[in-house]
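The following paragraphs offer a guided reading of one protein model. Please keep the sequence and the coordinates at hand while reading.

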Amino acid sequence: MVKGRFALAFLAAMILACPASAQSFPTRPMTIVVPFDVGSALDLIALVIGSRLAEVLGQPVLVENVSGGGGMTAAARVANAALDGYQTLHGALT
């Protein structure tokens, strides 16, 4: 009896639920911030990842090198950016 009521409530909730309209992503160029100099191993990996992302997403992906401060300058830049997912930090665990 309880299972029947649960199933009925679930069915009613699914019927009444409105379909969510998601925004298309991305609608503008994305940026990958690398906290090391140009030509480093992480820069080359970010370039490969960026080129593949550009193919898949259909939007340009920029790789920007922000060196200095032991990576804190780049991390602060991404942390202070808008929280929209268009700017990411590409780092490494040591």
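In this predicted model, an open sheet is formed by 3 strands, arranged in the order 2-1-3 with parallel pairing. Strand 2 (61-65) and strand 3 (87-89) are the edge strands, each pairing on one side only. On average, and with direction ignored, neighbouring strands of the sheet are turned by 25 degrees against each other.

The pairing may be followed outward from strand 1, which comprises residues 30-34. Towards strand 2, strand 1 pairs in the parallel sense over 5 bridges; towards strand 3, the parallel pairing extends over 3 bridges. Thr31 serves as a useful point of reference. Its bridge partner in strand 2 is Leu62, and in strand 3 it stands opposite Gln87.

How do the helices relate to this sheet? Helix 2 (residues 41-57) lies across strand 1 and strand 2 and runs at about 170 degrees to strand 1. Helix 3, spanning residues 72-79, also packs on the sheet, where it touches strand 1, strand 2 and strand 3. The direction of helix 3 makes about 150 degrees with that of strand 3.

The surroundings of strand 1 deserve closer attention. Because 5 of the 5 residues of strand 1 are buried, this strand is largely enclosed by the rest of the structure. Buried here refers to a relative accessible area under 20%. Met30, Ile32 and Val34 point one way from the strand, whereas Thr31 and Val33 point the other way. From strand 1 the chain crosses through helix 2 to strand 2, and the resulting β-α-β crossover is right-handed.

Which residues make up the largest nonpolar core? This core has 7 residues, namely Met30, Ile32, Val34, Leu42, Ala46, Val61 and Tyr86. Strand 1 and helix 2 are the elements that give two or more residues to the core. The largest share, 3 residues, comes from strand 1. Met30, Ile32 and Val34, which point one way from strand 1, are thus met again as members of this core. In soluble globular proteins, nonpolar side chains tend to be buried together.

One member of the core leads on to a further stretch of the chain. Tyr86 belongs to the largest nonpolar core and, with residues up to four places away in sequence not counted, touches Phe25, Pro26, Thr27, Arg28, Pro29, Met30 and Thr31. Among these contacts, Met30 is likewise a core residue, while Thr31 is the residue that stands opposite Gln87 in strand 3.

Definitions and conventions:
Residues numbered from 1 in each chain as written. Predicted model: local features only at pLDDT ≥ 70, side-chain atom pairs only at ≥ 80, totals over all residues. Heavy atoms only, no water. Pairing = 2+ DSSP bridges. Helix = DSSP H or I, 4+ residues; strand = E, 2+ residues; numbered from the N terminus. Axes fitted to C-alpha atoms, helices over the stretch in contact; angles between N-to-C directions. Contact = heavy atoms within 4.5 Å. Buried < 20%, exposed > 50% of the residue type's maximum accessible area, 1.4 Å probe, protein only. Right-handed = clockwise from strand over helix to strand, strands pointing away. Core = buried A, V, L, I, M, F, W, Y, C linked by side-chain atoms within 4.5 Å.
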